[in-house]
Amino acid sequence: MTQTARGGVETSTGAASQPPTFESIDPRTGEVVDRHPVHDAAAVREAVHAARKAQSWWAELGFSGRKQRLDSWRKLLARRFDELAGRICSETGKPLDDAKLELVLVIDHLHWAADNAEKVLRRRKVPSGVLMAHQTATVEYLPLGVVGVIGPWNYPAFTPMGSIGHALAAGNAVVFKPSELTPGVGEWLARSFAEVVPEHPVFQVVTGFGETGAALCASGVDKIAFTGSTATGKRVMAACAETLTPVLVECGGKDALIVDADADLAAAADAAVWGAMSNAGQTCIGVERVYVVDSVADRFEEMIAERAAKLRPGGEPNAHLGPITMPSQVDVIRRHVDDALDRGGRALVGGRDSVRPPFVEPVVLTDVPEDSEAVTDETFGPVIVLRRVRDVDEGVELANDSRYGLGATVFSRARGLELARRLRTGMVAVNSVISFAAVPALPFGGVGDSGFGRIHGADGLREFTRAQSVTRTRYRMPLNPMSFGRSKGTVRRLVRLMRLIRGR
Ligand code: NDP
């Protein structure tokens, strides 16, 4: 049995049928929060089998029946807000207000999905075109069946719920494998859903390590929605290729923030520091790189340094930043900072000594070579790499010179939207940071090593459906080319018609 990075594995000595369990640990204190079963491939298959039966019932409820249940769940989440926020804090170590912010977003996105599913997915008429004028053409978005969701630990409720809420609203059943670091949050979500949908196991959780996630990929689900690192995303995709199971892949990022000469510098500095340091930098759409136009760089550096230097990590509920949740990430952060400094980088705030596991104090680096790991790879810690650029065009060029392409931020009074369009990312915030993630109607996702597919918004609902196109004959055409009974002149007349109307 695999040993988790933090908690121990225990093979049950009791009844032979009991699965082994593993611990979830509070990263602030190292204390055990709870124990959870390690679900093996057979248990995962069983969950998917039960989900398939439950899905028919759930789909039969129709949009209004499902909306009623999802609304009840949303209200339950709002009522028991503090309980779930506490669970998020104890498994991730993040400050209480950050957990609350995460849950506020969960509730708003769930509301949007339930409220808009019918409008986005129901059967609608489309033009039937000149050749098929005798047909009525419609398209409808039908549920896929059972969706497997694999989630990370950094936003253990918000991130997977972007798939879970939309997949459920679209009429699917869901089997969710949370990160081994945050299994309790996943279990809490599934238990609370079962309180409002007690009839059938429409939303289940399976817990364990990577093997449990791999088993979900091979279990015959109708789609996998994966959120996590690029390396695991590739493994998930390879496993799904075996059975041609479709995948949605939301991976890491190396998001850049660009500061133009005409920007509101105070607002930009505030956004850069919050975007980079909140949740201790463990945010897929967190700011990792800052490109600031030379003419305003001195003032901007001062503003960033002043704000970042005030932040203190800690385990108390009102600390600015919590610990690094995944112990092995501390080594990555240390390596990036050391390498940047070894290669001529300067620390404006913090430095090598800022890495004090389980906490990392804010670090702001400058003069770091663009090919160093701190610029090219996801650091996932409270670290900003700031670089002066000649103008915003150079900023855009450097921002785009990344294998990732998740989100980006632009601070510019005059050129915000123009610069946004030139960025090779799935999302851009102009004169604010991360705001796109909080707009339920906006699709969320990236390009390149950040993955593909979209959660949230109408695109996020359609991700969990199959488009079904239907044509229905309204009347018989005198010329029917799709019949062996067609006359010799039928196709000739058709070609003439096409040349006439489409050939000019
Ligand atoms: P990982 O890739 O390590 O794990 C993600 C999930 O995949 C976990 O549940 C993990 O289980 C599971 N898993 C591991 N191995 C396999 C496998 N072979 N087959 C199937 N599933 C497997 O990511 P982290 O949990 O460390 O999350 C951090 C990453 O997530 C960062 O790169 C971050 O940028 C990204 N992220 C992306 C977001 C986006 O929307 N684009 C949002 C939030 C985070 P276990 O934990 O048990 O190993």
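This is a short talk on two sheets, two helices and a ligand site in one structure.

The model is a predicted one. I'll take the sheets first, then the ligand.

The first sheet is open and has 6 strands, in the order β8-β7-β6-β9-β10-β22, with mixed pairing. At its edges stand β8, residues 203-205, and β22, residues 451-452; each has a single partner strand, so one side of each is left without a neighbour in the sheet. As a reminder, strands of a sheet pair through backbone hydrogen bonds, parallel or antiparallel. At the β22 end, β10, residues 247-250, runs antiparallel to β22, and 2 bridges join them. Glu-250 has Gly-451 in β22 as its bridge partner.

Two helices lie across this sheet. Helix α1, residues 41-60, crosses β6, β7 and β8, and runs at about 155° to β7. Helix α7, residues 210-217, lies across β6, β7 and β9, at about 155° to β6. Strand β6 covers residues 146-150 and β7 covers 173-177, while β9 is 223-227.

Helix α7 comes back at the ligand. Which element gives the largest share of the shell around the ligand? That is α7, with 3 residues. Elements that each supply at least two shell residues are α7, β9 and α8, the last being residues 230-241.

In total, 30 residues surround the ligand, and the closest are Ser-229, Thr-232, Cys-251, Cys-284 and Glu-378. Sorted by class, the shell holds 14 nonpolar, 12 polar and 4 charged residues.

Now the polar contacts. Lys-177 has a polar side-chain atom 2.9 Å from an oxygen atom of the ligand. For Ser-179, an N or O atom of the side chain is 3.3 Å from a ligand oxygen atom. With Ala-214 the backbone is involved: one of its polar atoms lies 3.4 Å from a nitrogen atom of the ligand. As for burial, the ligand on its own has 910 Å² of accessible area, and the protein covers 90% of that.

Last, the other sheet. It is open too, with 3 strands in the order β4-β5-β23 and antiparallel pairing. Why does one side of β4 and of β23 lack a neighbour in the sheet? Both β4, residues 124-126, and β23, residues 465-473, stand at the edges with a single partner strand each, so one side of each is left without a neighbour. From one strand to the next, the twist averages 35°. Strand β5, residues 135-143, is joined to β23 by 9 bridges, and the two run antiparallel. One pair of bridge partners there is Glu-140 and Gln-468, the latter in β23.

Terms used:
Residues are numbered from 1 along each chain as its sequence is written. This is a predicted model: local features need pLDDT of at least 70, side-chain atom pairs count only at pLDDT 80 or more; totals for chains, interfaces and linings use all residues. Side-chain values use heavy atoms; hydrogens and water are left out. Two strands pair if DSSP finds at least two bridges between them. Helices (H or I, at least four residues) and strands (E, at least two) are DSSP runs, numbered from the N terminus. Contact means heavy atoms within 4.5 Å. Axes are lines fitted to C-alpha atoms, for helices over the stretch in contact, and angles run from 0 to 180 degrees between N-to-C directions. A residue is near a molecule or strand if one of its heavy atoms lies within 4 Å of it. A polar contact is a pair of N or O atoms within 3.5 Å; within protein, one must be able to donate a hydrogen and the other to accept it, and residues adjacent in sequence count only if both atoms are side-chain atoms. Accessible areas come from the Shrake-Rupley method with a 1.4 Å probe; for residues, only the protein chains shown count as cover. Ala, Val, Leu, Ile, Met, Phe, Trp, Tyr, Cys and Pro count as nonpolar, Asp, Glu, Lys and Arg as charged, and the others, Gly among them, as polar.
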